[in-house]
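Work through the exercises below with the sequence and the 3D view side by side. Try each task before reading its solution.

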Amino acid sequence: MPAHSGADRLDAASSSTQPLPPAAPTATGNGNANGIGSVPMNSNYRLRLIPHQNHKPDNYDDLQSEFTPIFFSSLERYLPPQLLNVPREAKYKYMRGILRRYSSEGDRARAKKHKEYRQKIISNYQPLYRDLYELDATTFFVPSFIEAFMASDSNIVQSIKSIMSEPAPGVYTFNMLQPRFCEKLLAEVENFEKWITETKFGVMRPNTMNKYGAVLDDIGMESMLHKLMEDFIRHISRVFFADVGGYSLDSHHGFVVQYGLNRDVELGFHVDDSEVTLNVCLGKQFSGGELFFRGVRCDKHVHNEALPEEIFEYSHVPGHAIIHRGRHRHGARPTTAGSRVNLLLWCRSAVFRELKKHNNGYASWCGDCQREKRERLIQAVSEKKAEMLRERVVHD
Ligand SMILES: [Zn+2]
């Protein structure tokens with residue numbers, strides 16, 4: 001039996017002693033660190049959780065900024081109402097202030113270097129299929145996926161639910177990508193790997209846990225993936241993940257991971273640096289590589305044991321997607337034969353991360369937080385009862 005048999009891993013992963021990595025795997029150099037800097041903001045000037053849908057944001061492409069221009073356009077819809085129609089420069093300064101609270105000077109220096117790194121790839125790497133770099137729903141997606149998003153406002157929730165299966169609480173699966181698109185994206189990634197080998201380019205891998213794979217945002221697919229998030233994933237998130245930002249997803253980290261011979265074998269138990277994670281299998285032929293899930297937990301409870309009903313295992317199907325909260329603890333079992341490539345989109349919400357700082361320590365999306373809250377309530381009630389009884393004894 002191989003050292004990492006499925007059964008061994010299941011036991012280890014479900015026990016409370018299974019170590020998660022000390023920190024969530026974070027994207028390299030995207031300047032999206034948590035909780036650094038804490039300048040108190042005027043409460044009247046907080047971002048809104050519900051976007052101004054009809055507001056047309058300014059274009060920030062021409063500004064020299066340490067942050068991606070597209071990010072400001074997305075964030076603009078969440079501005080406090082009194083800031084919506086002020087001059088662009090004022091909005092820019094306000095939003096940059098918020099973004100800077102999330103990133104230290106070191107982060108910003110890294111972001112600048114990362115921009116230069118991306119520029120180096122984009123000006124030297126020749127894409128194999130240029131049509132992959134711009135989102136085209138009719139050639140990317142299966143018809144059922146496209147149709148689900150064409151419903152009217154009043155029907156869209158039902159329409160999205162109709163293409164989804166929920167094999168375990170908080171885990172949704174659906175058919176998404178056309179076989180031809182998967183083939184082309186696989187070939188593009190292979191072409192990029194070939195270019196890395198030929199040029200000996202010092203490439204950055206997708207995260208701290210994968211030694212193989214490619215960051216699609218770095219090779220020119222950032223705006224395509226941003227559109228995928230804005231036009232599709234945000235709607236799914238609004239329906240199923242309102243408690244972790246819902247529709248407010250505004251930035252992403254898009255990459256592919258490769259498993260199999262001469263690639264990564266498995267992925268340990270972890271949580272993602274995302275609010276919502278989309279994971280789509282591109283192929284090819286493989287056995288093993290199942291995803292295992294162990295319930296959603298906040299930082300405080302991330303090492304706690306899973307409940308029996310939270311234990312779930314998913315087998316990948318090429319073209320099919322699985323979507324879950326980033327804080328849903330999971331890992332990938334060894335790919336035992338063949339090769340498996342998956343497309344990952346970590347979707348984040350600056351608004352959600354901002355609001356999270358103001359909550360009272362209980363996360364509505366963490367199973368253990370909710371259990372603790374219920375227990376405290378029960379305890380408070382019984383203490384009150386005891387107190388009332390004592391009072392009655394005194395008065396009697
Ligand atoms: Zn918790």
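Two residues are in contact if their C-beta atoms, placed from the backbone, lie within 7 Å. Keep in mind throughout that the model is predicted.

**Exercise 1.** Describe the protein chain as a whole, beginning with its secondary structure and ending with its contacts.

Solution. Begin by listing the elements, which come to 11 helices and 12 strands in the protein chain. Next consider burial: of the 396 residues in the chain, 35% are buried. Finally, take the contacts between residues at least 6 apart in sequence, and you will find that 84% of them join residues at least 24 apart.

**Exercise 2.** Find out what the pLDDT says about the chain and about residues 1–43.

Solution. For the whole protein chain the mean pLDDT is 85, and 88% of the residues reach 70 or more. Then turn to residues 1–43, where the pLDDT is below 50, although the model gives this stretch 72 contacts beyond near neighbours in sequence.

**Exercise 3.** Work out which strands stand at the edges of the open sheet of 4 strands, and why one side of each is left without a neighbour.

Solution. First write down the order, β5-β11-β8-β9, and note that the pairing is antiparallel. In this sheet β5 (267–270) and β9 (311–314) each have a single partner strand, so they stand at the edges and one side of each has no neighbour in the sheet. Direction ignored, neighbouring strands of the sheet are turned against each other by 20 degrees on average.

**Exercise 4.** Examine how strand β8 is joined to strand β11.

Solution. Residues 291–296 form β8 and residues 328–332 form β11; these strands run antiparallel and are joined by 4 bridges. To see the pairing at one position, locate F293, which stands opposite H330 in β11.

Technical notes
Residues numbered from 1 in each chain as written. Predicted model: local features only at pLDDT ≥ 70, side-chain atom pairs only at ≥ 80, totals over all residues. Helix = DSSP H or I, 4+ residues; strand = E, 2+ residues; numbered from the N terminus. Buried ≥ 20, exposed ≤ 12 C-beta atoms within 10 Å, placed from the backbone. pLDDT = per-residue confidence, 0-100. Pairing = 2+ DSSP bridges. Axes fitted to C-alpha atoms, helices over the stretch in contact; angles between N-to-C directions.
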